[in-house]
Amino acid sequence: MDLGAINPILLIASIMVSATPILLAAIGEMVVEKSGVLNLGVEGMMITGAVVAFAVAVNTGSPLLGFAAGAVGAAALSLSFGILTQLLMSNQVATGLGLTLVGLGLSSLIGKPYEGVKAPSLPRLDIPVLSDLPVVGRMLFSHDIMVYLSLLLVVAVWAFLKFTRAGLILRAVGESHDSAHALGYKVVRVRLLAILFGGACAGLGGAYLSLVRVPQWTEGITAGAGWIALAIVVFASWRAGRVAVGAYLFGGITVLQLNLQAAGAQVPVALLSASPYVITILVLVIISARGMHGAPASLGRSFHASN
Amino acid sequence: MKRRTLLASVALAASLGTAAFAQDDPTKACFVYVGPIGDGGWTYQHHQGALAVKEAYGDKVEIAYQESVPEGADAERVLTQMALSGCDIIFTTSFGYMDATNAVAAKFPDIKFEHATGYKREHPNVSTYNARFYEGRAVVGHIAGKMTKTNKIGYIASFPIPEVIMGINSYFHHAKMANPDVELVVTWAYTWFDPAKEADAARAMLDQGVDVITAHTDSTAPLAEIAKENGNAWGFGQASDMAAFTTNDDGTPGPRITSIIDEWSPYYVKRVGALMDGTYEQVDSWAGMPEGEVVIGPMNDAIPEDVKAEAQAMIDAITSGEYHPFTGPINKQDGSAWLAEGETADDGTLLGMDFYIEGITGEIPQ
């Protein structure tokens with residue numbers, strides 16, 4: 001074994017890239033769930049965001065426009081979920097699963113002409129002074145803008161939920177929609193906005209996959225990342241900071257196990273491959289054993305003013 | 001007349017009707033694909049083969065196919081459907097269709113079944129076919145040995161099955177002959193298709209100084225990752241040519257310096273032709289470069305001229321049958337003798353290959 005071959009600077013840099021798509025999708029889904037809606041369509045929204053972003057970036061030559069379009073496209077898809085579940089009172093679990101299926105099919109339809117096409121690349125930021133610092137410069141300060149945006153988003157969501165009135169209303173709607181309604185808050189409107197935000201975040205996560213992490217379009221590019229994002233929300237017991245920890249832990253273990261393999265570590269490969277999932281399950285078990293669920297009380301329940 | 005008897009006689013009449021018209025009907029060749037045609041690799045190439053059949057025989061054949069058929073119970077349903085819809089020959093193009101193919105073949109003895117990469121031929125109407133991908137690995141292995149500057153080359157492996165191990169051994173053996181200092185890094189992705197994971201695997205190896213990578217997975221993601229090295233690392237197209245990666249973003253040649261292409265067209269054209277002229281027989285086909293089933297794609301200018309010439313010489317030698325990629329002396333990983341000087345590996349050993357050759361570090365996952 002030659003662990004010296006693993007360069008910690010490059011390792012951390014690639015962990016940050018690897019964790020970003022699931023972090024974006026998970027933080028969006030956390031807000032949705034905080035408002036009391038369970039949207040299982042993250043995978044479908046992510047892949048729709050991925051294909052829309054790729055198509056727009058290729059046609060306009062601008063990756064940033066691509067990201068914006070990916071967010072809008074996925075948000076539009078999530079709106080269909082919002083209308084079905086909030087206005088037409090359909091079952092959230094079934095509709096969410098349907099959304100995933102629709103997203104997968106729609107994306108392969110839109111993506112047909114873009115197979116094998118190269119995307120314009122998103123440049124790494126060159127932050128004066130910081131990027132030139134030894135070690136940390138390469139490790140932390142020479143990523144593309146989306147990596148920093150995703151971390152900023154985590155802080156923003158945390159601050160929004162903790163310190164703002166709107167955040168309090170959103171949490172109130174998620175905990176008890178009847179009480180919130182009795183107090184005069186527009187439950188359906190709050191939830192629709194949360195769903196749109198979750199869709200946009202999932203779209204950004206998907207866009208990061210197709211424009212930066214893989215950079216190309218292939219059918220099924222997300223390969224289950226949306227489901228991981230859903231698991232991370234539970235793993236994080238619906239707290240923004242822990243979502244970031246979960247996403248980095250998951251991304252970190254995935255990258256680390258590949259690096260260990262490449263360095264020739266004498267650990268069974270099958271075990272290394274399974275390790276991100278094993279650790280996720282372990283943490284979930286520990287969390288439930290300690291009884292700290294933190295799930296919003298109205299999660300997944302339909303609301304209608306007449307009830 | 002009872003309704004059931006009525007239905008039965010209608011069905012009988014219908015089948016007699018088809019039989020009577022059968023001679024005028026075009027031959028119907030059907031294909032079952034495991035992925036989307038747009039995967040740019042494995043399934044795409046099988047579909048190219050299907051189109052070649054249409055091209056070769058025009059109106060005399062009819063083509064039908066179904067994409068993304070899951071391996072397992074669904075495959076049996078799809079195959080039965082195809083058999084009932086008048087297919088004369090059905091190609092099932094993934095290993096996981098093996099049992100379904102044999103099960104459906106038992107029910108339709110007049111329809112020919114062709115299963116790719118499998119080994120079960122339980123009925124006289126089931127044939128199997130495969131390609132000698134290790135011949136292509138030999139050529140890219142030689143190029144990898146010559147191209148590497150860090151003396152570290154990589155292999156993104158999918159699953160520890162004989163076909164993949166054969167590829168790893170062939171790649172390393174020829175890299176080592178081209179460059180005795182070369183070291184091989186194998187990373188197991190445990191997937192055929194997961195672009196993000198394939199990209200991560202390529203990234204892990206690049207970060208550790210590997211500068212030539214070949215992949216045994218289906219997507220183009222490893223090439224996209226290698227492209228980020230701006231001409232300091234190289235890779236190969238896998239299953240399909242992947243020509244989109246022939247030049248880097250800055251215009252320099254690479255990251256795809258050549259490719260191993262699965263060319264199923266000659267086999268498909270031959271088999272459908274044999275069915276039409278009545279010479280069709282059950283076979284167990286394992287063809288390679290001589291038959292044109294394994295093709296090395298265009299080599300680009302990142303490869304020096306002398307290396308191109310050597311690679312071409314190896315292609316010619318394999319094609320003419322002069323050279324077998326597994327020609328002794330080759331020892332197993334533990335140092336025990338496998339092939340003596342001049343001895344070539346037999347197909348049985350290759351198809352069950354479960355050992356690394358000497359010089360590869362690490363173990364095959366169990």
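Reader: In what order do the six strands of the open sheet of chain B come, and what makes two strands count as a pair?

Author: The order is E2-E1-E3-E4-E5-E11 (chain B), with parallel pairing. Two strands are said to pair if DSSP finds at least two bridges between them. Strands (E, at least two residues) and helices (H or I, at least four residues) are DSSP runs, numbered from the N terminus. This is a predicted model, in which local features need pLDDT of at least 70, side-chain atom pairs count only at pLDDT 80 or more, and totals for chains, interfaces and linings use all residues. Residues are numbered from 1 along each chain as its sequence is written, while chains are lettered from A and ligands numbered from 1 in the order in which they are written.

Reader: Which strands are the edge strands, and what makes them so?

Author: They are strand E2 (61-66) and strand E11 (284-287) of chain B, each of which pairs on one side only. From one strand to the next, the twist averages 20°.

Reader: How do you know that strand E1 and strand E3 of chain B pair?

Author: Strand E1 (residues 27-32) and strand E3 (residues 89-92) of chain B are joined by four bridges in the parallel sense. The requirement is at least two bridges, so the strands qualify as a pair. B:Ala29, for instance, stands opposite B:Ile89 in E3(B).

Reader: Which helix packs on this sheet, and what does its direction make with that of E1(B)?

Author: Helix H3 (residues 73-84) of chain B packs there, touching E1, E2 and E3 of chain B. A contact requires that two C-beta atoms, placed from the backbone, lie within 7 Å. The direction of helix H3 of chain B makes about 170° with that of E1(B). Such angles run from 0 to 180 degrees between N-to-C directions, along lines fitted to C-alpha atoms, for helices over the stretch in contact.

Reader: Which strands are joined to E8(B) by bridges?

Author: Strand E6 (residues 152-157) of chain B runs parallel to E8(B) and is joined to E8(B) by four bridges. Strand E9 (residues 234-239) of chain B is also parallel, joined to E8(B) by two bridges. B:Val212 is the bridge partner of B:Ile153, and B:Val212 also has B:Trp234 in E9(B) as a bridge partner.

Reader: Which way do the residues of strand E8 of chain B point?

Author: In strand E8 (residues 212-215) of chain B, B:Val212 and B:Thr214 point one way and B:Ile213 and B:Ala215 the other, and all are buried. In a regular strand the side chains alternate between the two faces of the sheet.

Reader: Why is B:Asp207 classed as it is, buried or exposed?

Author: A residue is buried if 20 or more other C-beta atoms lie within 10 Å of its own, exposed if 12 or fewer, and partly exposed in between, with C-beta atoms placed from the backbone. B:Asp207 has 20 C-beta neighbours inside 10 Å, so B:Asp207 counts as buried. B:Asp207 lies in helix H7 of chain B. Neighbours within four places in sequence aside, B:Asp207 is in contact with A:Asn7, A:Leu10, A:Leu11 and A:Ser14.

Reader: How many residues does each chain bring to the contact, and what gives the most to the side of chain B?

Author: Chain B brings 30 residues and chain A 37. H7(B) gives the most to the side of chain B that touches chain A, with nine residues. That side divides into 15 nonpolar, nine polar and six charged residues. Here Ala, Val, Leu, Ile, Met, Phe, Trp, Tyr, Cys and Pro count as nonpolar, Asp, Glu, Lys and Arg as charged, and the others, Gly among them, as polar.

Reader: What makes chain A as compact as a globular protein of its length?

Author: Chain A has twelve helices and zero strands. Its radius of gyration is 20 Å, close to the 19 Å that the globule rule gives for 307 residues, so chain A is as compact as a globular protein of that length. The radius is taken over C-alpha atoms, and the rule is 2.2 Å times the number of residues to the power 0.38. Of the 307 residues, 50% count as buried.

Reader: What is the phi of A:Met89, and is A:Met89 buried or exposed?

Author: Phi of A:Met89 is near 60°, a positive value in a residue other than glycine. Most residues other than glycine have a negative phi, and most peptide bonds are trans. A:Met89 has 12 C-beta neighbours inside 10 Å and therefore counts as exposed. A:Met89 lies in the loop between helix H3 (63-87) and helix H4 (92-111) of chain A.
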